[in-house]
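Open your viewer and get comfortable with the selection tool. We will walk through a few places together, one selection at a time.

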Amino acid sequence: MNTEIWTNCRAATLQPEWGEPYGLVDDAALVVQGEALAWVGPHAALPQAYVDQCTQRHDAGGALVTPGLIDCHTHLVYGGDRAHEFELRLQGASYEDIARAGGGIASTVKATREASARQLHTQSLPRLKALAGEGVTTVEIKSGYGLALAHERKTLEVARGLANGLPVDVRTTFLGAHAVPPEFAGRTDDYLQEVLQMLPALHALGLVDAVDAFCERIAFSTAQTQRIFEAAQSLGLPVKLHAEQLSDSGGAQLAARFGALSCDHLEWLSADGAAAMARAGSVAVLLPGAFYFLRETRLPPIAVLREHGVPMAVSTDCNPGSSPCTSLLLMLNMACTLFRLTPEEALAGVTRHAAQALGLKDRGMLAAGLRADFVLWDLNHPAQLSYAIGANPRLQTVHKGQAV
């Protein structure tokens, strides 16, 4: 096995045990063996055994090194766009008004159903490339714009194939309970039965890594969501939840009872919901792009999440209706400016906590035994990643130990 050593860098390891903010190591060395990190620490402490085994040295040129970024909540595969609805909202229509009038998710469902798999791939690939170009090495992609077995399968298959040839991994989440399709209008329970039949079929095809639902007054109730979670649990699949975005439905408490990996959005999260998430170890996924794009005014309860020790992740929520964004670096800035996260919290939110939100224990930090996914930046300090608006200081990505 090759042993490669990276030196002349400053490493933001995101390891809390280092004691320094960001787990920062000045004049660091990273040892890569195969797809994994074998050692990370101060260059002066680099064990001689690795030096003796070294097959290739890399001079990082004084770059800042962070773990590969992780975008843990996206709806990246979809057809069409919803620019017209953007105009309507600017004229005073609310997200709920548009949804109830047949727009919103339903309009994207129509466009996605009409698109072929090749067309969906062609539309979606530039979005994934944009994320990868900013140092993202893992992306979660949800279904939920097909809302019928054939179209949900098409969407998930496209998502699985998007990363071919790119330095990024894709995790797929089944979100059949995203909305009620037009053919089931007024028959939510009947559509729920369809979702419960889709899930095992898609799981049998190897297309589902996790299961999500939209628990909200314009979508699915907690009782309906519970049935989906029970079905996921019977298949051994972890669950996530779009929770408390437009109202406090108690979705976070429900998700916590099922040990949810994450609850996402959370503008209306209660203290009881935060406490339940803390007990379950669920991550709060914050989506500042949607907050900004929808011109929301109610902030997620960041202080309550901190008080209860709930880990906070940050994601683009890339989707056509409420966050048409493919820049996770921009989300770092928005998480700080809109939600008042610290730059250290924001960076942890797109690395360590984002990995936790996907149930991935092999990445998100720079530590021995974890995946050798890391990014070299033309920066002096990790706070600069959150500071600059619209900048992309990425120099190089290393994915599974391979320099891109």
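Which glycine follows H7, and what is the sign of its phi? Select glycine 206: this residue comes after H7 and has a positive phi, near 75°. Keep in mind as you go that this is a predicted model.

**Stop 1: helix H7**

Now select residues 188-204, which make up helix H7. The helix has 17 residues and spans 25 Å from its first C-alpha to its last, close to the 24 Å expected at 1.5 Å a residue. Show the side chains of Tyr191, Leu192, Val195, Leu196, Met198, Leu199 and Leu202, which are buried. Many of these numbers step by three or four, so a general point may help here. An α-helix has 3.6 residues a turn, so residues three or four places apart point the same way.

What covers the buried residues of H7? To see, add helix H6 (149-162) and helix H8 (222-234), then strand S7 (169-177) and strand S8 (210-213); the cover includes these four elements.

**Stop 2: a parallel sheet**

Next, bring up the open sheet formed by four strands in the order S9-S10-S11-S12, with parallel pairing. Its edges are strand S9 (240-243) and strand S12 (312-314), each pairing on one side only. On average, neighbouring strands in this sheet are turned by 25° against each other, direction ignored.

Zoom in on S9 and strand S10 (residues 262-265), which pair in the parallel sense over four bridges. Pick lysine 240 and look across to S10, where serine 262 is its bridge partner.

**Stop 3: strand S13 and its neighbours**

Select residues 374-377, strand S13. Phe374 and Leu376 point one way, Val375 and Trp377 the other way, and all are buried.

Strand S4 (residues 56-67) runs antiparallel to S13, joined by four bridges. Four bridges also join S13 to strand S14 (residues 394-399), again antiparallel. Valine 375 is a good residue to centre on: threonine 66 stands opposite valine 375, and valine 375 in turn stands opposite threonine 397 in S14.

**Stop 4: the cysteines**

How many disulfides does the structure hold? The count is zero. Start with cysteine 9: the nearest cysteine sulfur belongs to cysteine 54, 14 Å away. Cysteine 9 is buried, with a relative accessible area of 4%.

Finish at cysteine 325, which is also in no disulfide; the nearest cysteine sulfur, that of cysteine 318, is 7.3 Å away. Cysteine 325 is buried too, with a relative accessible area of 11%.

Definitions and conventions
Residues numbered from 1 in each chain as written. Predicted model: local features only at pLDDT ≥ 70, side-chain atom pairs only at ≥ 80, totals over all residues. Heavy atoms only, no water. Pairing = 2+ DSSP bridges. Helix = DSSP H or I, 4+ residues; strand = E, 2+ residues; numbered from the N terminus. Axes fitted to C-alpha atoms, helices over the stretch in contact; angles between N-to-C directions. Disulfide = S-S within 2.5 Å. Buried < 20%, exposed > 50% of the residue type's maximum accessible area, 1.4 Å probe, protein only. Expected span 1.5 Å × (residues − 1). Contact = heavy atoms within 4.5 Å.
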